[in-house]
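Please report on selected features of the structure shown here. Cover the helix, the hairpin, the salt bridges and the cavities.

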Amino acid sequence: MHRPGKVRPQQRILTITPIAAACAALLWGGAAAAQTMEDATANTVVVTGIRGSIESSMAIKRESDSIVEAITAEDIGKLPDVSIAESIARLPGLTAQRVAGRAQVISLRGLSPDFAGTLMNGRELVSTSNNRGAEYDQYPSELINGVTVYKTPDASLVGQGLSGTVDLQTVRPLDRRERALAFNVRGERNGNGKLNDESSAWGQRVSFAYIDQFMSNTLGVAVGYAHLNSPGQQKEYKAWWWGDQNNLPPGNADVVALKGAEVTATSRKQVRDGLMAVLDYKPSRAFRSTLDLYYSQFDQTEIMRGMMWNSHQWSAVTYRDPQIETIGNVKLLTGGTLVNLEPIARNDYNTRKDTLSALGWNNKYRTGEWEFIGDLSYSQARRHEQVLETYAGLGPAGSGITDNNFQFRIPVEDGIPRFTPSVDFTNPSLIKLTDVGGWGKDADMHRPKVDDTLGSLKVSAKRSLVGMFSYVEGGLNYSKRDKKHSDINNYYFLKNNHAPVSVSPDLVKPSTSLSFAGIPAVLTYDTLGVLARYYDQQAARSADLAIQNWSVEEKVATGYARLGIDTDLGPVPVRGNLGAQVIGVKQGSDGLAVDGDKITPLHGGSDYRDVLPSLNLNFDLSHFVDRTALRFGAAKTVARPQMQDMRAGASGGISDTTREWSGSGGNPTLEPWRARAFDLSLENYFARSSYVAVAAFYKNLTNYIYNQQTSYDFTGFPTQSKTVPISNIGTMNRPANGQGGMVKGLELSGSLEGGLLWHALDGFGILGSYSLTASSIHPNGPGTSEKLPGLSGSVSNVTLFYEKNGFSARVSQRYRSAFRGEVTGLFALRSFSEILAEKQIDFQAGYAFEQGSLKGLSILLQVNNLNNSPYQTKQGSPFASGAYAPERYTTYGRQVLLGLNYRL
């Protein structure tokens with residue numbers, strides 16, 4: 001019985017743009033025109049490459065009981081993009097957030113990464129981030145065979161998310177019936193060139209994959225290795241903050257001015273080594289045992305040079321020749337000259353080392369109508385960082401040694417402002433190591449660490465049935481996860497009682513240019529060498545320990561039952577599944593209670609239970625419209641809280657005036673986000689590599705987590721105050737479960753082979769999607785106006801491709817509208833930024849030799865970020881008028897790769 005398709009809540013939720021409507025019409029038109037041709041040519045050609053990948057992905061989408069999206073490799077070790085995150089971000093309803101120029105984290109259906117589950121081969125993974133969200137740049141695309149994104153839950157899938165679940169899959173060697181050997185080598189260049197002397201604009205990628213079968217195809221082996229050495233070159237301008245109350249001439253009290261800014265040139269060396277190995281043993285049809293291993297190590301070195309300055313109202317800065325423009329009913333100071341400015345020359349040196357490993361052993365045994373599965377897994381992630389910043393300038397803060405003719409011009413549209421200092425900031429006799437900003441330190445180092453481990457055991461049994469229920473399945477899963485985070489923070493002070501010092505000539509490096517923002521260059525030196533020669537390290541600071549040092553433990557027991565559905569509703573075949581999970585969670589956290597220099601251990605925790613029913617139905621409408629399916633999904637879903645929010649650490653104290661306790665910290669008693677979800681999807685598969693689908697979804701989050709003032713018992717809390725409190729019951733500002741809301745959306749997706757429209761277009765094709773999402777949730781609580789993190793109102797992806805006679809070409813555009821993104825702020829702390837709309841274009845072209853002595857060899861040119869799309873943000877809080885001021889403008893350069901693939 002032939003049964004396609006999938007779908008989601010069918011409300012007319014949002015307005016579709018004319019472009020999206022035109023795409024839909026084109027795809028439906030292609031379906032009508034192409035049906036006869038497809039029927040005549042079905043099953044006559046084996047398609048590989050781009051179209052083969054689309055066809056395989058469509059088959060997974062069509063045959064799944066759940067509503068899913070899928071990506072499959074075009075060939076062994078060859079996913080369609082330069083990174084796995086780039087590929088995932090092209091799927092309908094998904095989008096990526098760039099970090100340091102790389103697509104790193106994924107938002108699924110308008111919800112931030114922590115709402116999604118991430119699996120590898122069906123097993124939950126740990127993360128190198130501070131919380132749960134996966135950082136997908138840890139996974140080389142060359143080692144991933146495919147990705148399935150579950151948009152509706154399946155009761156048998158453990159570790160699911162509230163917004164959806166991303167399952168990364170490695171190859172299964174016994175699923176192939178031939179040996180495969182593939183090599184890949186590519187050179188890489190960054191379009192921004194070499195920004196710092198110690199860096200390079202050049203890099204390379206090398207990968208190897210081997211698959212084979214032995215012992216009459218009962219033993220399969222797969223091994224893959226991928227090496228990446230990628231240059232990152234970043235030009236950035238960032239505004240610190242904006243406000244009125246400036247030292248401007250009379251009559252300009254309502255003018256808003258920039259209170260500080262920075263211009264930086266950052267160079268990164270990113271070296272990642274990944275290894276994948278699979279041992280697949282199937283001595284009979286009844287038994288199969290698979291052992292798989294994944295390991296990656298990602299080392300990053302970052303060198304940043306730049307200039308920054310304070311120009312707030314508490315400084316001695318004044319203005320000459322101010323230029324004022326009105327934008328959105330706000331008077332902005334967009335040009336002029338700063339007087340009495342104390343610019344800071346920055347030389348930073350940062351390192352990060354991530355290791356991630358996952359080991360899984362799966363055993364399946366079939367006897368008669370029964371199938372038994374046992375699965376054992378373990379994964380670990382570690383992150384070690386060093387964040388070092390040093391300062392130099394004309395003199396210490398308040399010394400009176402200033403730049404009195406620092407000119408500036410800030411564009412009202414996109415672009416980087418122009419700044420022109422009147423002093424040579426490359427001259428080491430003028431620019432000395434000192435605390436120019438008055439921050440109470442001459443240099444600063446943070447060393448954050450993350451250690452995340454997860455062990456899991458799953459057993460299940462499944463029995464085939466006859467009748468409307470095709471099978472019955474049940475299972476148990478137990479997992480234990482431990483996540484630890486710490487940070488050691490040291491201040492550094494110059495020797496000789498903080499006396500400013502000139503950098504020795506042997507430590508001075510060629511000056512780093514900041515000319516992209518008008519600044520000729522800045523003093524550049526060997527940061528580590530300077531730190532060792534001129535500074536004394538102070539003892540680790542305790543003030544941040546409550547925030548930074550914590551551990552969280554989770555023990556999760558999951559039981560599930562599932563019924564397969566396979567029946568007919570009149571002329572309509574129906575299949576799917578009905579199931580439920582019962583989840584019991586016991587959680588605990590260790591942290592620190594801090595009041596000044598008084599510190600004591602702190603522990604907290606709780607337990608809770610959830611029952612999560614789920615239903616997936618697939619109606620085969622081929623009786624009415626050929627190869628068409630209507631899918632429906634309904635479920636209750638959860639996402640466990642961010643682990644940083646679950647920390648037991650807190651800081652607090654007693655007010656001398658009110659004699660009341662108050663504090664702030666984490667909340668180890670947090671319960672998960674909970675939601676009721678409904679999905680509807682209508683899909684038509686009108687050719688082997690062509691389909692059109694429209695989907696709608698509605699999620700009602702019954703609660704949300706945000707900071708609230710809660711009652712807290714401070715008994716035993718350390719205090720340095722001599723004031724006797726009225727009571728030990730005080731208030732704690734911390735994350736707590738509160739009011740939720742809805743997230744809803746509409747998704748249009750499709751693929752069309754050009755040859756279905758016109759024979760001359762044979763080999764051409766188009767693949768695309770368009771998504772609209774809206775939410776009523778106030779993530780900071782009722783009455784607040786901030787947007788839901790990760791939610792872009794509209795997201796689109798379109799790929800035009802050509803593939804024929806060995807030639808291939810592809811151009812892709814990925815767009816997401818403005819959104820509020822979670823970012824890493826000062827000293828690796830979590831913060832948020834208002835990120836403007838992004839449109840990135842990628843291109844690739846290649847040729848594969850299909851015969852002769854070079855058969856198996858292919859040449860590939862790739863250009864990622866062809867349009868050098870800037871990363872732009874705006875001020876996080878609007879002015880009284882509602883207008884926003886620009887905050888950040890960053891370019892990462894084009895990423896050009898040229899290389900060879902060879903497959904035996």
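The report below takes these features in turn.

The model is predicted.

**Cavities and helix H2**

There are 14 cavities of 30 Å³ or more. The largest has a volume of about 480 Å³. Its lining comprises 28 residues. Nearest the centre of this cavity lie Ile-54, Ala-70, Arg-90, Leu-91 and Leu-767.

Which element gives the largest share of that lining? Helix H2 does, with six residues. Strands S1 (68-72), S38 (764-775), S39 (794-804) and S40 (807-816), like H2, each supply at least two. By class, the lining has 12 nonpolar, 10 polar and six charged residues.

Helix H2 itself covers residues 49-63, 15 residues in total. From first C-alpha to last, H2 reaches 21 Å. That is close to the 21 Å expected at 1.5 Å a residue. The buried residues of H2 are Gly-49, Ile-50, Gly-52, Ser-53, Ile-54, Ser-57, Met-58, Lys-61 and Arg-62. Ile-54 thus appears twice: it is buried in H2, and it is among the residues nearest the centre of the largest cavity.

The second largest cavity has a volume of about 380 Å³. Of its 28 lining residues, the closest to its centre are Gly-101, Arg-102, Ser-230, Asn-864 and Gln-895. Strands S3, S8 (180-190), S10 (219-239) and S13 (260-284) give two or more residues each to this lining. S10 provides the largest share, five residues. The lining of this second cavity has seven nonpolar, 12 polar and nine charged residues.

**Salt bridges**

The model has 53 salt bridges. Three are listed here.

| Pair | Closest N to O distance |
|---|---|
| Asp-137 and Arg-102 | 2.6 Å |
| Glu-389 and Arg-346 | 3.1 Å |
| Lys-480 and Asp-482 | 2.6 Å |

Asp-137 forms a salt bridge with Arg-102. Asp-137 sits in the loop between strand S5 (123-124) and strand S6 (146-150), and Arg-102 is in strand S3 (residues 102-108), so the pair ties together parts 35 residues apart in sequence. Is Asp-137 buried or exposed? At a relative accessible area of 6%, Asp-137 is buried. Arg-102 has 16% relative accessibility and also counts as buried, because the cut-off for buried is under 20%. Arg-102 also lies among the residues closest to the centre of the second largest cavity.

Glu-389 and Arg-346 meet through their side chains in another salt bridge. This pair links distant parts of the chain: Glu-389 is in strand S18 (residues 370-393) and Arg-346 in strand S17 (residues 344-367), 43 residues apart. Glu-389 is buried, at 9% relative accessibility. Arg-346 is buried too, at 8%.

Lys-480 pairs with Asp-482. Lys-480 is partly exposed, at 31% relative accessibility. Asp-482 is partly exposed as well, at 22%. Elsewhere, salt bridges that share partners join Glu-124, Arg-132, Asp-452, Arg-481, Lys-483, Glu-554 and Arg-640 into one network.

**A hairpin**

Strands S15 (residues 318-327) and S16 (residues 330-339) pair in the antiparallel sense. How many bridges do they share? They pair over eight bridges. One of the partnerships joins Thr-326 to Lys-331 in S16. Two residues lie between the strands of this hairpin. Gly-328 takes a positive phi near 60 degrees there.

Definitions and conventions: Residues numbered from 1 in each chain as written. Predicted model: local features only at pLDDT ≥ 70, side-chain atom pairs only at ≥ 80, totals over all residues. Heavy atoms only, no water. Helix = DSSP H or I, 4+ residues; strand = E, 2+ residues; numbered from the N terminus. Expected span 1.5 Å × (residues − 1). Buried < 20%, exposed > 50% of the residue type's maximum accessible area, 1.4 Å probe, protein only. Pairing = 2+ DSSP bridges. Salt bridge = Lys/Arg side-chain N within 4 Å of Asp/Glu carboxyl O. 1 Å grid on protein atoms, 1.4 Å probe; cavity = no way out; pocket = protein on both sides within 12 Å on 5 of 7 lines; lining within 4 Å. Points joined across faces, edges and corners; volume = space filled by probe spheres on them. Nonpolar A, V, L, I, M, F, W, Y, C, P; charged D, E, K, R; others polar.
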